[in-house]
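Hi,

Here is the structure I promised to send over. Have a look at it first, and my notes follow below.

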Amino acid sequence: MYQNYGLTYLIKGDIMKKQKKVLFISSTGGHLSEMLRLSPMFEKYDYHIITEKTKSNMGLLEKYPNRVNFLVYGTKSHFLTYPFKLLYNTIKSLVLYCKIKPKVIITTGAHTAGPMCVIGKIFGSKIIYIETLANSKTKTVTGRIIYHFADLFIVQWESMLKLYPKAKYWGWIY
C-alpha cells in the first residue's frame, strides 16, 4: 500500500505549493493507471493531464474536462514509425509545455513522458518521477534517463534503492 506520508510530502513539501500548475504525464496502460491513483492531488492544484491517445483513454475528456491532452501512441516495438512518433511527440510536448507552463511535472513514465521531463527541466520545472511498480529488479529506460535530473525520484519497491541509491522509497501507489 502506498505510504500516505509520501503524498503528504508532495502536497505540503517545498516542491509543490497549492497555487502551482502541476502537469501529470504518462504513457497509456499501467503507467496511466498508476498516475491516476494520484487523482486526490488533482483537486489541490491547477492540474493538467497528458497521456497517449487511445480508445480506452477517451473517457478522460469527460472525467477531467479541459484538463487533458493527448500525444500519439507508439512504442519502441513499432520500430519503423517510432522515431517519427517520438519526434512528433517531442515537438507537441514543447507546444503543450509552453501552453500549460507547469511549475511541477509528475510522471510514472514511460517513453511519452521523457521528452516532456527534459523540456520541463530546461525551462525550470520541478520533476517528480515515480518508477513503475512493474519493475522490481531492473531499471526502465525512461527511469535511467530521468534519474539523473529529477528533483524527486520515487521507487515503489525497496529493492530498487540498490539500483537508484538517491531515490526515495514510499511503497506502492496501489
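Please keep in mind that this is a predicted model. I began with strand E7, where Lys 168 is the bridge partner of Ile 154. That bridge belongs to the pairing of E6 with E7 (residues 168–169), which is parallel and runs over two bridges.

On strand E5 (residues 126–130), there is another parallel pairing with E6, this time over three bridges. There, Phe 153 of E6 has Tyr 129 opposite it. To get from E5 to E6, the chain passes through helix H6 (residues 141–146), and this β-α-β crossover is right-handed.

How are the two faces of E6 (residues 152–155) placed, buried or exposed? Both are covered: Leu 152 and Ile 154 are buried on one side, and Phe 153 and Val 155 are buried on the other. In a regular strand, side chains alternate between the two faces of the sheet.

The other spot I looked at is Ala 110, which sits in the loop between strand E4 (104–109) and helix H5 (113–122). Its relative accessibility is 16%, so Ala 110 counts as buried, the cut-off being under 20%. Which residues does Ala 110 touch, leaving aside those up to four places away in sequence? They are Ser 27, His 31 and Thr 142. Thr 142 is 32 residues from Ala 110 in sequence, yet the C-alpha to C-alpha distance between them is 5.7 Å.

Happy to go through any of this with you.

Best wishes

Terms used: Residues numbered from 1 in each chain as written. Predicted model: local features only at pLDDT ≥ 70, side-chain atom pairs only at ≥ 80, totals over all residues. Heavy atoms only, no water. Buried < 20%, exposed > 50% of the residue type's maximum accessible area, 1.4 Å probe, protein only. Helix = DSSP H or I, 4+ residues; strand = E, 2+ residues; numbered from the N terminus. Pairing = 2+ DSSP bridges. Right-handed = clockwise from strand over helix to strand, strands pointing away. Contact = heavy atoms within 4.5 Å.
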